[in-house]
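Colleague: I'd like to learn how to read a fold from its coordinates. Can we go through one together, feature by feature?

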Amino acid sequence: MPNNTEQAANKPNIIFFMTDQQRWDCIGAYNEHIHTPNIDKLTAQGITYSQAVCQAPMCVPSRTSMMFGYYPSQLGVRTNHGGLYDEDKLPSDPLPELMRKAGYQTAGFGKTHWNHGVKNPVPSARGFEVRAVGLSRDSGHYEDGAVMMGDAEPEGLAAYYEETKDYGGGEENSKGYIGCTSQIPNHWHRDGWVAEQCLNFIDEGLDESRPLFLYLSFLKPHAGFNVPKEFEDLYDINEIPDIAQPPWELEQNTHLAATDAVNESSQSNYWEKRHVWEAMTPEERKRTTLRYWANCSWLDDYLGKALERLERQGRLDNALIVFVSDHGEMMGERQHRFSKYCLYDSSVRVPMILAGSYLPQKVRGSVDDRPAELVDLVPTLSKVAGLPVNPQLPGLDLLGETQRLGTFCEFHGKGAEPHHSAPALMWRKQDYKLILYMPGKLGEAIGRIGEFQGELYDLAVDPTEWHNVYDNEHYARIRERMTGELLMHLACVWSRGPVFYDRHGLAAME
């Protein structure tokens, strides 16, 4: 019988790369304009999940959902104003803690966006034994034991904030999306500093007695677009297409219009950007696309450096490599709409790749068109690590044969509870997408649920989702079928969980 050390040594290393706000089509495999040679190598060495979606089109609920394996509403984390704050009342072990308990050395570099430091004076690293965060200690993202950039490289972080000081909250105002050619050293960028910490760890910090769970997560290509010149120079602005716009001038009868109607800040933010972009020349608009793509190329370069170091250390000889993003980016579509905060494909579809020597040779370089979700990562990686899979999770093993009929995503507006929008729910199949939503605010919705509205898109002929055919009787059978599938999917998910009702009672939701 092998001992525990031998069993641990036989487990594959799990290398988890994550970006922020990277569209599904912003990797070389799906866009001939994009320079992402290292991600392209992963597509050649692994499985690309072409239909993958996130579970919420914004950072906090999407990442929390992915790390715990439950849907945002199951966790009670529906917007960026939420979070699981109480370390003693977590619904289950998050992914890094699962890996730690499976015998892995766990090292996390960069963004998790747990949001738990906002209301917790000493938030834990939630399973990461080694931790580095590219922010300041007072940012609300401190984790106990983490090395913070604000402490280790205060001059660099100050220089970064000086360069982006006019970019607004989240670096997402018009100036943030216009960006600039960065004038500070790469390692003074938050992602650059985090990547350097990761590379140093690979060189000097690996535990030879244990398999490795390495998590490297970036803040970009999320705006702001202050990009090093060497990555801007990879692109010719004359080869970048302008963003195509729909034939209509205003959103009408969509969940996005309903969100704008109840959220003044969302509406004003949109119109501020729209006025700026309508006044731009095509070349000026293309510059924003160029800098977004350049950000993708910059992170790809760091990914390549990490893989090179890991290979040098022999950690790719038996490894599963994950590459994903938390959600997408509208990038000026739908009449100059930027950021995420909607259920259209540019916002909810994400790149998802599983690669590495762990995979059988016959599946490397393949494309899996089955519906896939970010919540599938916890059951998939649990099985790879030799752990039992929690049967209450809604996700599936991506490397197994079971498949779902469609993918689910939920959107609850941008505001803080209880003032956020009534929910919008998405059910997506390869050729069709259904969105059911309630106009108005959540607090007013229960008494008038009969007023729900819908969107249906024939993605095969309308991939831009410009033409809502929900009320078109030609699509009535598809509309009713997908509505039933969505409702039964949610009924089955809720019947299996969530686990925290059993463990902690309703108080866990407070």
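Modeller: Sure, let's start with a strand pair: β14 and β15 (residues 424-428) run antiparallel and are joined by 5 bridges. Strands here are DSSP E runs of at least two residues, helices are H or I runs of at least four, and both are numbered from the N terminus. Two strands pair if DSSP finds at least two bridges between them. Before we go on, note that this is a predicted model, where local features need pLDDT of at least 70, side-chain atom pairs count only at pLDDT 80 or more, and totals for chains, interfaces and linings use all residues. Residues are numbered from 1 along each chain as its sequence is written, and side-chain values use heavy atoms, with hydrogens and water left out.

Colleague: Which residue of β15 stands opposite Phe 411?

Modeller: Ala 424 does.

Colleague: And how do I read the two faces of a strand?

Modeller: In a regular strand the side chains alternate between the two faces of the sheet. In β14, Thr 407, Cys 409 and Phe 411 point one way, while Phe 408 and Glu 410 point the other way. All of these are buried, where buried means under 20% relative accessible area, exposed means over 50% and partly exposed is in between (1.4 Å probe, protein chains only). That fits the count for β14 (residues 407-411), with 5 of its 5 residues buried.

Colleague: How many of the residues of β17 are buried?

Modeller: In β17 (residues 453-458) 5 of the 6 are buried, so this strand is largely enclosed by the rest of the structure. Its antiparallel link to β16 (residues 432-437) has 6 bridges, and Tyr 432 has Asp 458 as its bridge partner in β17.

Colleague: What about the bigger picture: how do I read a sheet order?

Modeller: Follow the pairings from one edge to the other. Here 9 strands form an open sheet with mixed pairing, in the order β6-β5-β4-β8-β1-β10-β11-β2-β12. β6 (147-148) and β12 (366-368) are the edge strands, each pairing on one side only. At the β12 end, β2 (residues 46-49) pairs with β12 in the parallel sense over 3 bridges, and Tyr 49 has Asp 368 as its bridge partner in β12.

Colleague: Is Met 148, in edge strand β6, buried or exposed?

Modeller: Met 148 sits in β6 and counts as buried, at 1% relative accessibility. Leaving out residues up to four places away in sequence, Met 148 touches several residues, including Val 133, Leu 135, Tyr 142 and Trp 193. A contact means heavy atoms within 4.5 Å.

Colleague: And inside the sheet?

Modeller: Try Ile 15, in β1 (residues 13-20). At 0% relative accessibility, Ile 15 counts as buried. Among the residues that Ile 15 touches, not counting those up to four places away in sequence, are Leu 212, Leu 214, Leu 310 and Val 322. Ile 15 and Arg 315 are 300 residues apart in sequence, yet their C-alpha atoms are 9.3 Å apart.

Colleague: How much of the chain's contact list is long-range like that?

Modeller: Of the contacts with a separation of 6 or more, 72% are between residues 24 or more positions apart. Overall the chain has 18 helices and 17 strands. Its radius of gyration is 22 Å, close to the 24 Å that the globule rule gives for 510 residues, so it is as compact as a globular protein of that length. That radius is taken over C-alpha atoms, and the rule is 2.2 Å times the number of residues to the power 0.38. Buried residues make up 60% of the 510.

Colleague: What backbone oddities should I look for?

Modeller: Most residues other than glycine have a negative phi, and most peptide bonds are trans. In this model, the bond from Lys 220 to Pro 221 is cis, with omega near 20°, and Pro 221 belongs to β8 (residues 212-221). Another cis bond joins Ala 223 and Gly 224, with omega about 15°; Gly 224 is in the loop between β8 and β9 (226-227).

Colleague: Where is Asn 115, the residue with phi near 70°?

Modeller: Asn 115 is in the loop between β4 (105-110) and β5 (130-133), and is buried with a relative accessible area of 9%. Glu 171 also has a positive phi, about 60°, and lies in the loop between α7 (154-163) and α8 (174-178). At 8% relative accessibility, Glu 171 counts as buried.
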